[in-house]
Amino acid sequence: MSKKQVQTDPLNEEIIVRNLWLAKGSIDILRGLDMTIPRGCIYGLLGPSGCGKTSFLRCLVGYNSYDTGTLSIFGTKPGDHTLEIPGRNIGYMPQEIGLYEEMTINEVLTYFGRLFQLSLSVIQTRIKTMIEYLDFNNADQYVRSLSGGQKRRVSFAACLIHKPMLLILDEPTAGVDPLLRKKIWSHLVSLSVNEKITIIITTHYIEESRQATRIGLMRKGRILSEDSPEGIMETHHASTIEDAFLFLCSRRRSTRASLETLNSSKEKKYPRSNTSRFQKSCLIKMYEWFWVFFVLIQKNLLMDLRYPITLFLQ
């Protein structure tokens, strides 16, 4: 079955974030976040650990509910079943590796392809292509025998197998050698230009984000600056993105007191709200869960046939 094509309003082909707030207990994680991500661009979200990058990504995929503000994905809200985000139109690679150790690379990618209802012929064609550019010698290698960097490459391939319209990559090049990192970036540029896939990528390698179309420098739950890499360096008279980031951080410290006053006033003005944003119909939910259950049975059957002793230990 081919992937469902979603028609979006050409006037709303952006991801728009305005005044987004998220708190955990008494701690503000996102503090009035503002972002604009055009359709088909590579957006590099840069910032230190703990600044709120992963929390924002979880709001974007519908895993976390934000408290106040506006988050629009190509003209719809997260959880809108017409866009299938979350669903078949998103690929998400988290920092944590979540792969089945007792399966081969080919089996893992086939499993994820079947979850997104791709035909076996399409899956095998795409696996062959990804195996080549990700430098795997043998698709029949077991995941348990791979290094940490190799497992990240399999995870990267798994989130690309269904060619989503939105691709979110949380530290995809961590532990990957520089030559392969360059190759991955080249492939991401090709996906954004040729297939208009919108890519959001977080990375600790600040200078590699020069290949992004647009970058956002994030600190303590806010975007300090947002522009093309060249635009940010030119605006802040810096020779590198890292120098621009350091300049913005030092400038931010000098106005910290006034910002804290502004934050407290905003908290009074915008009360917290935990309204659910998932409005899918019961019929769509039942179909999706049935399909996932069916694919999981296939995966478990494969494991039981490979290791028949487990049948007697259950």
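Which residue in E2 stands opposite leucine 20? Leucine 33 does, and you will meet this pair again in the second view. The legends below walk through a predicted model, one close-up at a time.

**View 1. The whole protein holds ten helices and nine strands.**
Start here to get your bearings before zooming in. Of the 314 residues in the protein, 48% are buried. Take the contacts between residues at least 6 apart in sequence: 71% of them join residues at least 24 apart. If you are looking for disulfides, a search of the whole structure finds zero. As a reminder, a disulfide is a covalent bond between the sulfur atoms of two cysteines. Two cysteines to look for are cysteine 59, buried with a relative accessible area of 1%, and cysteine 159, which counts as buried at 5% relative accessibility.

**View 2. Three strands form an open antiparallel sheet in the order E2-E1-E4.**
At the edges stand strand E2 (27–38) and strand E4 (68–73); each has a single partner strand, so one side of each is left without a neighbour in the sheet. From one strand to the next, the twist averages 20°. Strand E1 (residues 14–24) pairs with E2 over nine bridges in the antiparallel sense. Here is the pair from the opening question: leucine 20 stands opposite leucine 33 in E2. Helix H1 packs on this sheet and touches E1, E2 and E4. The direction of H1 makes about 115° with that of E1.

**View 3. Six strands form an open sheet with mixed pairing, in the order E5-E6-E7-E3-E8-E9.**
Which strands are the edge strands here? They are strand E5 (90–93) and strand E9 (222–227), each pairing on one side only. The twist in this sheet averages 15° from one strand to the next. A general point helps when reading this view: strands of a sheet pair through backbone hydrogen bonds, either parallel or antiparallel. Strand E3 (residues 42–46) and strand E7 (residues 198–202) run parallel, joined by four bridges. Within this pairing, leucine 45 has threonine 202 in E7 as its bridge partner.

Two helices can be followed on this sheet. Helix H1 (residues 53–60) packs on it, touching E3, E5, strand E6 (166–170), E7 and strand E8 (214–219). The direction of H1 makes about 155° with that of E6. Helix H4 also packs on this sheet, where it touches E5 and E6, and its direction makes about 165° with that of E5.

**View 4. Helix H4 (residues 148–160) and helix H5 (residues 178–194) have axes that come within 13 Å.**
In general, two packed helices are described by the angle between their axes and the distance between the axes. How do these two run? Their axes cross at roughly 5°, which makes H4 roughly parallel to H5, since angles under 35 degrees count as roughly parallel. On the H4 side, the meeting residues are Arg153, Phe156 and Leu160. On the H5 side, they are Leu180, Ile184, His187, Leu188 and Leu191. By class, this contact has six nonpolar, one polar and one charged residues.

**View 5. Arginine 181 and lysine 182 both lie in helix H5.**
Which of these neighbours is buried and which is exposed? Arginine 181 is buried, because its relative accessible area is 16% and buried means under 20%. Lysine 182 is exposed, because its relative accessible area is 60% and exposed means over 50%. Leaving aside residues up to four places away in sequence, arginine 181 touches Thr173, Val176, Tyr205 and Glu208. Lysine 182 can be placed by its distance to glutamine 211: the two are 29 residues apart in sequence and 9.8 Å apart in space, C-alpha to C-alpha.

**View 6. Helix H2 (residues 105–115) is mostly covered.**
How many of the eleven residues of H2 are buried? Ten of them are. Zoom in to find, among them, Ile105, Val108, Leu109, Tyr111 and Phe112. The buried residues of H2 also include Asn106, Glu107, Thr110, Gly113 and Arg114. Beyond the helix, look for glutamine 117, which follows H2 and has a positive phi, near 65°.

Technical notes. Residues numbered from 1 in each chain as written. Predicted model: local features only at pLDDT ≥ 70, side-chain atom pairs only at ≥ 80, totals over all residues. Heavy atoms only, no water. Disulfide = S-S within 2.5 Å. Buried < 20%, exposed > 50% of the residue type's maximum accessible area, 1.4 Å probe, protein only. Axes fitted to C-alpha atoms, helices over the stretch in contact; angles between N-to-C directions. Parallel < 35°, antiparallel > 145°, perpendicular 65-115°, else oblique. Contact = heavy atoms within 4.5 Å. Nonpolar A, V, L, I, M, F, W, Y, C, P; charged D, E, K, R; others polar. Pairing = 2+ DSSP bridges.
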